[in-house]
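Trainee: Could you take me through one part of this protein slowly, as I am new to reading structures? I would love a close look at a single salt bridge and what lies around it.

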Amino acid sequence: MSGFAAPKALQSFGKGAGLLTLGLIYLALLWLAVMSFNHDPMSGVPTGVTIEHYAELFTSPRWLMPLLASIAIGILVGLFVMVVATAVGRVAPRSPIVGRIVLLSLLPLFIPGIALGASLFIFLRMILGLSLGFWSIFIGHVVWAFPFSFLLVLVLTTRFDYRLLEAAADLGASKWRVFWDIEMPLLRPAIVGAGIFGFLVSFNEGQRAIFLHGNATTLPIWNWIMASSEQSQVPIIFCLETVILAFVMPLLAGTFWMMMVRLEKD
């Protein structure tokens, strides 16, 4: 009897800790949305429902150009990391140095954002002499987004049955036909997920871009500037972030459903 007490208690603790953590995450996001409709969002408690902050948001054009810049950079980053992550992810599992490839590809995840942003600033501006702006942000976002996209592709390629490719080659199919007819359909969820995740990581990234933005301003940088310099802009930022979450959360959920749930079903 006592032998089962510890595992059951540990299981209960795990469930409780998991629910508490999830509650802290999603309750905070939900409360942000609630406060965006509040008369006094900075109070942190409901004082009356209003849409005046949303009206001010949609009548003010100040955030539109940063939003368009974030979307443009995010699309380019998503496309770039999708291609590179797919190329590396296909090669890595069959490479004799797969451990080194994975280590070097994932290492940027563990480098502090400020340190990575500062090092990229020194390298791009002072060593290469490049002007900071749109493309320097793009490079910084690629460095940050690539490990996430690579992981998504790697999850699928490590479970891939490479005997299918060998059988197709034995039957006379060219390397291009093997990839397009066999490999591509099986890897499509990971490839699409890598692109979407690369876009979302870029769209929400501001810590590294602070060092690299030059005369370009993305939405996270604009939010940071407005929140730190203009108290009156904070309620608008609450509304803007709520709108972004309403778009990003379903997109993320759909991506992970495609990657995890559908993968298990297949």
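Mentor: Happy to; we begin with the whole protein and then move in on the pair. This is a predicted model, in which local features need pLDDT of at least 70 and side-chain atom pairs count only at pLDDT 80 or more, while totals for chains, interfaces and linings use all residues. Residues are numbered from 1 along each chain as its sequence is written, and side-chain values use heavy atoms, leaving out hydrogens and water.

The protein has eleven helices and zero strands; helices (H or I, at least four residues) and strands (E, at least two) are DSSP runs, numbered from the N terminus. Its C-alpha trace spans about 70 × 70 × 30 Å along the principal axes. Of the 266 residues, 39% are buried, where buried means under 20% relative accessible area, exposed over 50%, and partly exposed in between (1.4 Å probe, protein chains only).

Now for your salt bridge. A search of the whole structure finds one, and the term stands for a side-chain nitrogen of Lys or Arg within 4 Å of a carboxyl oxygen of Asp or Glu. The partners are glutamate 205 and arginine 208, whose closest N and O atoms are 2.9 Å apart. In general, side chains of opposite charge can pair when their charged atoms come close. Are these two partners buried or exposed? Glutamate 205 has a relative accessible area of 4%, so it counts as buried. Arginine 208 is buried too, because its relative accessibility is 5%.

Helix 9 covers residues 209-212, and leucine 212 belongs to it. Leucine 212 is buried, with a relative accessible area of 0%. Leaving aside residues up to four places away in sequence, leucine 212 touches several others, including Leu120, Phe121, Leu132 and Ile137; a contact means heavy atoms within 4.5 Å. By comparison, the C-alpha atoms of leucine 212 and threonine 157 are separated by 34 Å, with their positions 55 residues apart along the chain.

Let us finish with serine 149, found in helix 6, which runs over residues 134-157. Serine 149 is buried, with a relative accessible area of 0%. A polar atom of the serine 149 side chain lies 2.9 Å from the backbone oxygen of alanine 194. Not counting residues up to four places away in sequence, serine 149 touches Val81, Ala85, Ala194 and Gly198.

Technical notes:
A polar contact is a pair of N or O atoms within 3.5 Å; within protein, one must be able to donate a hydrogen and the other to accept it, and residues adjacent in sequence count only if both atoms are side-chain atoms.
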